[in-house]
Amino acid sequence: MRVFTGSDDLAKFAPMAPGQEKWAKEASEYVPHVLMRQNDGFRVISALLKDALMYRLSGATVDLEDVEDKRSVPVQNLTQDAIDLIVAEAQAQGAELVMQLTADPSDAPPPAIDGVPPDMAAPPSQTFSGIITVTHKRKRVVVDSIAPEDIRFSPAARDEDKASYLGFIKRVTSSDLVKLGLTQEEIDDLSADKGLSDEAAQRNEGVLDDAERSGTLSNGEGDSERPLWLVVAYIRADDDGDGISELLRVVYAHGGGTAGRIIERVEWSGPASIALATPILMPHTIVGRSLFDQTQDLQQLGSVLTRGLLDN
């Protein structure tokens, strides 16, 4: 971790053509800021390295998500001009505005102006009090690590950038799928009958109960925290019928059964936003070797000798 996080120069971009020096400098400052400040970059890098050293393969993913910054502000005695100014400023910033205002009671008679009797003076301007909620929508870059047992790719793939299928799965809840656009009826059709893999169960040993490990939880229709699965996959397939494969990004949800719901299906330009790492590269395969593979025979020999010594 000291190698990657011991200095401020986490990444340095080089210009690829004349005139790109400014772009390279800005990227060198922006990318580490996004990774280390806007995301938990220390934990992502640590998981990427440790998973690779222990399990031969690790991964990380980069994605964009919609974020809503919502802020509620109590206000008192706002005039109509002030309200119009707040609305105009929110529209200029592209923010959504929700006003819960009520007119303030005015029991005092209007004051006399320049000797005009109170009953003939102009009434005071109406004021309002209540709560104003401002919502700013923006895009956020999300960097997250992938557990080794959750990585998926074509068995015959030799290169992650040329794999016919490359993706990952992650555990989500019904509430997460609602935020992604699925209706409650579509989510209720997904049966939660898939248990954790052996690797995931071992990783979560002592944390999950038997029902969660085996997947025998009830369907739990209407439960906003019901566990389900979300799959993000990059698939090479002939989508337009011209005989040439295109790269598609497909996001779908399922509960382990036959029913599934596609949330997103778009043509993807560029490489898949998944990075895989292996500590010791092996030719013609994605999964390399770990440090344990190099020391396995010594560890087994030491275990046999120690066990024989203790038995004696």
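Which residue's side chain meets that of R249 in a salt bridge of 3.3 Å, N to O? The partner is E264. This report, which concerns a predicted model, begins with that contact and then turns to the strands, the aromatic pairs and the surface.

## Salt bridges

R249 lies in strand β7 and E264 in strand β8, so their salt bridge ties together parts that are 15 residues apart in sequence. The side chain of R249 also meets that of D63 in a salt bridge, at 2.9 Å from N to O. This second contact links distant parts of the chain, since R249 belongs to strand β7 (residues 246-254) and D63 to strand β1, 186 residues apart. D63, R249 and E264 are thus linked in a network of salt bridges. Within the network, R249 counts as buried at 5% relative accessibility, whereas D63 is partly exposed with a relative accessible area of 30% and E264 is partly exposed at 28%.

Strand β1 also contributes D69, whose side chain meets that of R138 in a salt bridge of 2.8 Å, N to O. R138 is located in strand β3 (residues 127-146) and D69 in strand β1, so the contact joins parts that are 69 residues apart in sequence. R138 is partly exposed, with a relative accessible area of 39%, and D69 is partly exposed as well, at 33%. The count for the structure comes to eleven salt bridges.

## Strand arrangement

Five strands form an open sheet in the order β4-β5-β6-β7-β8, with antiparallel pairing. Strands β4 (151-153) and β8 (260-267) stand at the edges, and each has a single partner strand, so one side of each is left without a neighbour in the sheet. From one strand to the next, the twist averages 20°.

Inside this sheet, strand β5 (residues 165-173) and strand β6 (residues 227-237) pair in the antiparallel sense over nine bridges. G167 stands opposite A233 in β6. Strand β6 also holds L228, which is buried, with a relative accessible area of 0%. The C-alpha atom of L228 is separated by 9.1 Å from that of I187, a residue 41 positions away along the chain.

Another antiparallel pairing joins strand β1 (residues 58-79) and β9 over four bridges. In β9, L276 is the bridge partner of G59. The covered face of β9 carries I274 and L276, while the uncovered face carries A275 and A277.

## Aromatic pairs

The structure holds two aromatic pairs. The ring centres of F13 and W23 are 6.1 Å apart and the planes stand at 75°, so this pair is edge-to-face. F13 lies in the loop between α1 (2-5) and α2, and W23 lies in helix α2, so the pair ties together parts that are ten residues apart in sequence.

Y234 and W268 also form an edge-to-face pair, with 5.5 Å from centre to centre and 70° between the planes. Y234 is in strand β6 and W268 in the loop between β8 and β9 (274-277), so parts that are 34 residues apart in sequence are tied together. At 2% relative accessibility, Y234 counts as buried; W268, at 28%, counts as partly exposed.

## Nonpolar surface patch

F13 and W23 appear again at the surface, where they form a nonpolar patch with Y30 and V31. Together these residues have about 400 Å² of accessible area. F13 is partly exposed, with a relative accessible area of 32%. V31, located in helix α2 (residues 21-38), is partly exposed at 33%.

Key. Residues are numbered from 1 along each chain as its sequence is written. This is a predicted model: local features need pLDDT of at least 70, side-chain atom pairs count only at pLDDT 80 or more; totals for chains, interfaces and linings use all residues. Side-chain values use heavy atoms; hydrogens and water are left out. Patches are made of residues with over 30% relative accessible area and no salt bridge: like charges are joined within 9 Å, nonpolar side chains (Val, Leu, Ile, Met, Phe, Trp, Tyr) within 5 Å. Accessible areas come from the Shrake-Rupley method with a 1.4 Å probe; for residues, only the protein chains shown count as cover. A salt bridge is a side-chain nitrogen of Lys or Arg within 4 Å of a carboxyl oxygen of Asp or Glu. Helices (H or I, at least four residues) and strands (E, at least two) are DSSP runs, numbered from the N terminus. Buried means under 20% relative accessible area, exposed over 50%, partly exposed in between (1.4 Å probe, protein chains only). Two strands pair if DSSP finds at least two bridges between them. Axes are lines fitted to C-alpha atoms, for helices over the stretch in contact, and angles run from 0 to 180 degrees between N-to-C directions. Rings of Phe, Tyr and Trp (its six-membered ring) pair if their centres lie within 6.5 Å; planes under 30 degrees apart count as stacked, over 60 as edge-to-face and the rest as tilted.
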